[in-house]
Amino acid sequence: SDDGKLSFNEFRAYFADGVLGEEELHELFLTIDTQNTDNLDTEELCDYFSRHLGEYENVLCVLKHLNITILKAMENPHQDYLEASNLEQFVTRFLLKEALNQLQSLQSSLECAMETTEEQTRQERKDPTQLEVLSVQWPGKRLARSLQRNNSLSSSNPYSSTGWTEEDSQWVIQINRLQKLTDRLEKKDLKLEPLEEEILEENARSHIMIVQHQMSVIEEKVEEFCPTLMQYVESASTQGGCLHVSIQKLPSNFHFIVYEFWENSNAWNSHLQMNYSKVFQRSNKDFLETPE
């Protein structure tokens, strides 16, 4: 809520990784909260993670230096580019593209490492029902994680009754890919690239339903709206046909985008008939500047 500290709900929304359970996250929260205030400040977070950096201290230092170097190289590039010769402009374009390729290569390696460690952790844990599918995301606060990894716990998630199966894992992989795609579509200067053709397994379910809500909230109603939105997200995530929910809060502070991933249209239509869904839609008439 931009008050300079994290409540447990805010901590859980960002730090949950789909592996730690609700009790484990709360225990971690209490461990970091050395001042016993039920809120975490920046100093407490820095103290905790500083003790566990290890080799990643060097990695983060290099990334900080890289960030400064790139920003320095980007200072006033537009005017220099316009005044350069055709050959110099070509070299600039090549170097920019090559730098981007190198960064994307590093990102791919990190994502591969993350996926490998997460998969190994899931296989080692004895209680797979604690895995999560709800993701609550806040722009500008992702740091080193992509949105697909910010999972928020729900003790009655759709997988609680059946356990974590290989099919469920495949769903999560597809959801993460869709999340990355929606992130790309929201960026400016988008360059669409052809996707590699994939061979789907026989009888595989190849379609799911994605629902997007765009909501501009009345400024005076934001504080009332946020708990209502969170209640809606938590209720939707417990439905059997709900695969994933993601919230994006835009910099304007009054605009929210919610992405919902459902197994099929029947699951979505059933969700619309639920009481919590109707209550949320009715309350939006009071909270939103214009109808959704």
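## A loop residue on the surface

D38, at 54% relative accessibility, counts as exposed, because the cut-off for that class is over 50%. The structure described here is a predicted model, and D38 lies in the loop between α2 and β2. Although D38 is not a glycine, its phi is positive, at about 65°.

The loop between α2 and β2 (40-41) is also the place of N36. Phi of N36 is near 55°, which is again a positive value in a residue other than glycine. With a relative accessible area of 65%, N36 is exposed.

## The chain as a whole

The secondary structure of the chain comes to 10 helices and 7 strands. Of the 292 residues in the chain, buried residues make up 32%. If one takes the contacts in the chain between residues at least 6 apart in sequence, 66% of them join residues at least 24 apart.

## Two helices that pack together

Two packed helices are described by the angle between their axes and the distance between the axes. In this model, helix α1 (residues 8-15) and helix α2 (residues 22-32) pack at an angle of about 115°, and their axes are 10 Å apart. The crossing in which α1 passes α2 is right-handed.

Which residues of α1 and α2 meet? From α1 come F8, F11 and R12, and from α2 come E22, L25, H26, L28, F29 and I32. Sorted by class, this contact of α1 with α2 has 6 nonpolar, 1 polar and 2 charged residues.

## Strand β7 and its two partners

Strand β7 (residues 255-262) is joined to β6 by 7 bridges, and the two strands run antiparallel. Within this pairing, H244 has F261 in β7 as its bridge partner, while S246 has Y259 in β7 as its partner. Strand β5 (residues 209-216) is also joined to β7, in this case by 8 bridges, and these strands too run antiparallel. Here S216 stands opposite H255 in β7.

In a regular strand the side chains alternate between the two faces of the sheet. For β7 this can be followed residue by residue, with H255, I257, Y259 and F261 on one side and F256, V258, E260 and W262 on the other. Are these two faces covered or open? Both faces of β7 are covered, since the residues named on each side are all buried, and in agreement with this the strand is mostly covered, with 8 of its 8 residues buried.

## The enclosed strand β6

Strand β6 (residues 242-249) has 8 of its 8 residues buried, so it is largely enclosed by the rest of the structure. A residue counts as buried when its relative accessible area is under 20%, and this is the cut-off behind the count for β6 and likewise behind the count of 8 of 8 for β7.

## Cysteines

How many disulfides does the model contain? The count comes to 0 disulfides, under a rule that asks for a pair of cysteine sulfur atoms within 2.5 Å. Two cysteines can also be described by their exposure: C112 has 46% relative accessibility and therefore counts as partly exposed, and C226, with a relative accessible area of 24%, is partly exposed as well. Both values fall in the class between the cut-offs for buried and exposed, under 20% and over 50%.

Technical notes:
Residues are numbered from 1 along each chain as its sequence is written. This is a predicted model: local features need pLDDT of at least 70, side-chain atom pairs count only at pLDDT 80 or more; totals for chains, interfaces and linings use all residues. Side-chain values use heavy atoms; hydrogens and water are left out. Buried means under 20% relative accessible area, exposed over 50%, partly exposed in between (1.4 Å probe, protein chains only). Helices (H or I, at least four residues) and strands (E, at least two) are DSSP runs, numbered from the N terminus. Two strands pair if DSSP finds at least two bridges between them. Axes are lines fitted to C-alpha atoms, for helices over the stretch in contact, and angles run from 0 to 180 degrees between N-to-C directions. A crossing is left-handed if the near helix is turned anticlockwise from the far one by less than a right angle, and right-handed if clockwise. Contact means heavy atoms within 4.5 Å. Ala, Val, Leu, Ile, Met, Phe, Trp, Tyr, Cys and Pro count as nonpolar, Asp, Glu, Lys and Arg as charged, and the others, Gly among them, as polar.
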